[in-house]
Amino acid sequence: MKIDRYLKLYFFFFVCVFELVQAQETITFKEPVTKTWINTYGNIRLTNRFYWVAQTHFRFQETEKTPYVGQLAQIYNRHAIGYIYSKNFNVSLGGVLRLNFNTDETSTGRNLVPEWRIWHQYMFAAPVSSLLFYHRLRIEHRWTKKFEDDSEYIFRNRWRYMFKAKIPLNSDKFKPKTFYVSPEAELILQSGKKVVGSLMEDLRLHMSVGYVVSPKLTLATGIMYSHGQTLSDATVFKQSWTARFHMYFSLDPRNIKNKIPSIHMDD
């Protein structure tokens, strides 16, 4: 099965990362950078099985005088067509336009560089009693370049696995006026000709608190710690603390009787 091949590939990368870290005699961690992400996640129903994924993210990064929200760093436009295979499994395929802003105040390079991606995703939902657990496999094919005028695009693949739980606090199910907590861990690996030893691009640990406003709207906020290897030197790890704000919305322009299945197809 295709899923089995993906799981074997993820296991292979986990082993590579472990061996790489074990082999390093000296590992240096940069000082953490503070960030703020404001994210919207939309699912717009098209047919009984197909839906449109519409996501927009605004990401800010600290300046010397202002932590967390000092300057705009990226704007994401992520879109896809999703397919609902069952109540507990869906897949998506689409593209991303990410606008990268030059946050280096001493740089003489360009102020803005676009980044392009093709992505596909496989989301598994596993309800247990009143809890919800998610396994997400996301593969991204990305073209990036630096801000220097003579910089050219390079190609890399990203291999992402996320495990997430949703735990209701004041109800036995997710319904309007329900508060919940959501711990989440995601490992992001990368591969490509320019990746020499820096397989672990990011490890993200995120805890959020959410509120179900209605079946069509959920709000959440949380804090995330992440670290990962720099592309130029596998022994140097970057770090960040990120305040995250989320809005999840679901729309169905068809007949009101045709409701979106109960699976929470969030991010």
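Colleague: Where is Y68 in the chain?

Modeller: Y68 sits in the loop between β3 (50–61) and β4 (71–86). Bear in mind that this is a predicted model.

Colleague: Is Y68 buried or exposed, or something in between?

Modeller: Buried is under 20% relative accessible area, exposed is over 50%, and partly exposed lies in between. Y68 has 29% relative accessibility, so it counts as partly exposed.

Colleague: What should I look for in the phi of Y68?

Modeller: Start with the general idea. Most residues other than glycine have a negative phi. In Y68, phi is near 65°, a positive value, and the residue is not a glycine.

Colleague: Which sign does phi have in K177?

Modeller: K177 is not a glycine either, yet its phi is positive, at about 75°. K177 belongs to the loop between β8 and β9 (178–191). With 61% relative accessibility, K177 counts as exposed, whereas Y68 counts as partly exposed.

Colleague: Now the surface. Which residues make the nonpolar patch?

Modeller: A nonpolar patch joins nonpolar side chains within 5 Å, each from a residue with over 30% relative accessible area. Here the patch is made by L93, W116, I118, W143, Y153 and F155, and covers about 570 Å².

Colleague: Where does Y153 lie, and why can it be part of such a patch?

Modeller: Y153 is in the loop between β7 (131–144) and β8 (154–168). Its relative accessibility is 34%, so it passes the 30% cut-off for patches and counts as partly exposed.

Colleague: Which residues form the patch of negative charge?

Modeller: Asp and Glu count as negative. On this surface, E148, D149, D150 and E152 gather in a negative patch. Take E148 as the example: it is found in the loop between β7 and β8, and its relative accessible area of 43% makes it partly exposed.

Colleague: What does a residue on the buried side of the cut-off look like, say Q229?

Modeller: Q229 has a relative accessible area of 2%, so it is buried. Q229 lies in strand β11 (residues 217–229). A polar atom of the Q229 side chain is 3.2 Å from the backbone nitrogen of L199.

Colleague: How many helices and strands does the chain have, and in what order do they run?

Modeller: The chain has one helix and 12 strands. From the N terminus, the order starts with α and goes on with β elements to the end. Of its 267 residues, 43% count as buried.

Methods
Residues are numbered from 1 along each chain as its sequence is written. This is a predicted model: local features need pLDDT of at least 70, side-chain atom pairs count only at pLDDT 80 or more; totals for chains, interfaces and linings use all residues. Side-chain values use heavy atoms; hydrogens and water are left out. Patches are made of residues with over 30% relative accessible area and no salt bridge: like charges are joined within 9 Å, nonpolar side chains (Val, Leu, Ile, Met, Phe, Trp, Tyr) within 5 Å. Accessible areas come from the Shrake-Rupley method with a 1.4 Å probe; for residues, only the protein chains shown count as cover. A salt bridge is a side-chain nitrogen of Lys or Arg within 4 Å of a carboxyl oxygen of Asp or Glu. Helices (H or I, at least four residues) and strands (E, at least two) are DSSP runs, numbered from the N terminus. Buried means under 20% relative accessible area, exposed over 50%, partly exposed in between (1.4 Å probe, protein chains only). The place of a charge is taken as NZ of Lys, CZ of Arg, CG of Asp or CD of Glu. A polar contact is a pair of N or O atoms within 3.5 Å; within protein, one must be able to donate a hydrogen and the other to accept it, and residues adjacent in sequence count only if both atoms are side-chain atoms.
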